[in-house]
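Open the model in your viewer and keep the selection panel at hand. Each stop below says what to select next and what is there.

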Number of protein chains: 2
Amino acid sequence: MKHVKEVATITGISVRTLHYYDQIGLLSPGTTDNGYRVYTEDDLEKLQQILFFRALDFPLKKIKTIMDRPDFDHLEALHFQKKRLHQKKKRLETIIATIDHTIQHMKGERDMTDKEKFNGLDFSQNQYEQEAREKYGEEAVNRSTQKLNSLSNNEKDALSQSFHRIYQKLAAIRQGSPASEKAQNAIHEWYEILNNHVGYHYTLEAFRALGQMYIEDQRFTKNIDQYGEGLALFMRDAMNVYADRNK
Amino acid sequence: MKHVKEVATITGISVRTLHYYDQIGLLSPGTTDNGYRVYTEDDLEKLQQILFFRALDFPLKKIKTIMDRPDFDHLEALHFQKKRLHQKKKRLETIIATIDHTIQHMKGERDMTDKEKFNGLDFSQNQYEQEAREKYGEEAVNRSTQKLNSLSNNEKDALSQSFHRIYQKLAAIRQGSPASEKAQNAIHEWYEILNNHVGYHYTLEAFRALGQMYIEDQRFTKNIDQYGEGLALFMRDAMNVYADRNK
DNA sequence: TATTGACTCTTACGTTACGTCACCCTCTAA
DNA sequence: TTAGAGGGTGACGTAACGTAAGAGTCAATA
């Protein structure tokens, strides 16, 4: 059980940062009756994970959604982070190489195209997003879209029609509760369609993870929300309830 | 001669960023008569340098002051950046090692102190600041403070009294122009004191660099500004003028 | 020649992740 | 009991852009 200052000195991050993480619900320790924050060993562990993600330039919001996942796995995350840190290291090496080339270029020992001059410096590249998808819950999604691509055009049409119908149905009732009978019936239908037509059986946990993807991955969110603002969020919640009830 | 979009696609940074860099005077290209920005090869080169510094997490303001230095040396900067990138790489390796240890720790194969759990993660460490000082103009400063420490207490007192006097004199006239006779006289006195008592001869360029340090290095700035808000900036300007006039 | 699509500009407000007060409370050691 | 270190909550400031609005430009095409 440690107080803020102690955690701050151990970890090297500021007290303000700890306050902030509490404020946004990323890391909320317990409190004593005088209102002081107290951090347990578990909190420290979680903080460590947060900092690993931060070292990978993950925005705090994303870190939160990832770690809030019911099926979040500490060990799995560590392996993921390690892999990505190695990639980051490689990018640094690329930049260093670019510097070397530039030095040679200045000495007239070498030619460089304009593009070569900026090797490794384009921070824009999908960056973490790509891999973040690949990991956290996408296996299931991948398999389904893969399957989807292998279908004939007719089949695709039929399928997308089903999707369309379900989305519209859900959009119509998205103002109500995700736990309502209507919503759960629609979600059940959704679950059936996926399992019957996509050729891969979703476990309830995979189904739940899929729902999470809807709000974690912008591409999904945008697509789904075309049917109605906030639909992706609504579906995630409904799928969560569904997974809870049927387990 | 390239337009924004082209530069953006070559470098991978956004058009907005280029606009912004122009806005803050970090990288201001020329313009055609229709107001379009046009980037020369030199601009690209400068942009490359900026991105190298950015890869080291230098704040843009610092990048600007560094690159605005009259004695800024492209090649020298490249070597510096390379060295620092290697250090950054090492920090990544430390983090990776910490992950490995944590994995072993979870498997019960290893013990870890709380501090070890955060090895490499404390972003707070002087970071670039330290090295940034060591480089850009500190050689001169170093030698003087070194000398200063080797003095007897009596000598120190006398010297710090001199410093005190000059600072106060300058603080009193800091509202006027740094090029005014008063200011230049005081600065001349300052130059003499440094050269007579510190035991190291400042070339005019070193003197100028020293002035630059006053605003680049927070420790200097704070110290000096105790005598009056903005004094550090005033001295930098005055020292610049002095160096210009006497060369 | 008019139109279109791809670029360009400026202005301005929004966002993330804190830093930095200000003001007040609480605990502990002297 | 008193000082000093540490705790808390606002609230405002900052950096480095993202994003959207409204309007002008240019080259290719219909």
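Select A:Asp57 in the loop between helix 3 (41–55) and helix 4 of chain A. Helices here are DSSP runs of H or I with at least four residues, strands are E runs of at least two, and both are numbered from the N terminus. Check the backbone: phi of A:Asp57 is near 65 degrees, a positive value in a residue other than glycine. A:Asp57 counts as partly exposed because its relative accessibility is 34%. The classes are buried under 20% relative accessible area, exposed over 50% and partly exposed in between, with a 1.4 Å probe and protein chains only.

Now jump to B:Asp57. This residue sits in the loop between helix 3 (41–55) and helix 4 of chain B. Its phi is positive too, about 65 degrees, although B:Asp57 is not a glycine. At 33% relative accessibility, B:Asp57 counts as partly exposed.

A word on conventions. This is a predicted model, in which local features need pLDDT of at least 70 and side-chain atom pairs count only at pLDDT 80 or more, while totals for chains, interfaces and linings use all residues. Residues are numbered from 1 along each chain as its sequence is written, chains are lettered from A and ligands numbered from 1 in the order in which they are written, and side-chain values use heavy atoms, leaving out hydrogens and water.

**Chain A as a whole**

Color chain A by secondary structure. It has 12 helices and 2 strands. Along the sequence the pattern reads α-α-β-β-α-α-α-α-α-α-α-α-α-α. Chain A has 247 residues, and 45% of them count as buried. Take its contacts (heavy atoms within 4.5 Å) between residues at least 6 apart in sequence: 62% join residues at least 24 apart.

**The two copies**

Show both chains. A rotation of 179 degrees, with 0.1 Å of shift along its axis, superposes chain B on chain A at an RMSD of 0.3 Å. That is the relation of a two-fold axis. The same surface serves both copies, as 100% of the contact residues of chain B recur in chain A. The fit is by least squares on C-alpha atoms of residues with pLDDT of at least 70 in both copies. To find the axis, select B:Lys89. Its C-alpha comes closest to the axis among the residues of chain B, at 3.1 Å.

**DNA strand C**

Select everything near DNA strand C, meaning residues with a heavy atom within 4 Å of the strand. You get 19 residues, and A:Ser14, A:Tyr21, A:Leu60, B:His19 and B:Arg37 come nearest. Of the strand atoms within 4 Å of the protein, 75% belong to sugar or phosphate and the rest to bases. Zoom in on three side chains of chain A. An N or O atom of A:Tyr21 is 2.7 Å from a phosphate oxygen of strand C. For A:Asn34, the distance to a phosphate oxygen is 3.0 Å. For A:Lys61, it is 3.1 Å. Helix 2 of chain A gives the most to this surface, with 4 residues.

**DNA strand D**

Move to DNA strand D. Which residues are closest? Among the 19 that surround it, they are A:Arg37, B:Ser14, B:Tyr21, B:Asn34 and B:Leu60. Sugar and phosphate account for 73% of the strand D atoms that come within 4 Å of the protein. Display the side chain of B:Arg16: one of its N or O atoms is 3.0 Å from a base oxygen of strand D. B:Tyr21 reaches a phosphate oxygen at 2.7 Å. B:Tyr36 lies 2.9 Å from a sugar or linking oxygen. Helix 2 of chain B supplies the largest share of this surface, 4 residues.

**The cores**

Finish inside the protein. A nonpolar core is a set of buried Ala, Val, Leu, Ile, Met, Phe, Trp, Tyr and Cys residues joined through side-chain atoms within 4.5 Å. The largest has 67 residues, of which A:Leu47 and B:Leu47 touch the most other members. Helix 5 (residues 74–106) of chain B gives the most to this core, with 9 residues. Select B:Leu47. Beyond its neighbours within four places in sequence, B:Leu47 contacts A:Phe118, B:Val7, B:Thr11, B:Ile13, B:Leu18, B:Tyr21 and B:Leu27. Apart from this core lies another, of 30 residues, including A:Ile173, A:Leu210, A:Phe220 and A:Phe234.

Notes:
A polar contact is a pair of N or O atoms within 3.5 Å; within protein, one must be able to donate a hydrogen and the other to accept it, and residues adjacent in sequence count only if both atoms are side-chain atoms.
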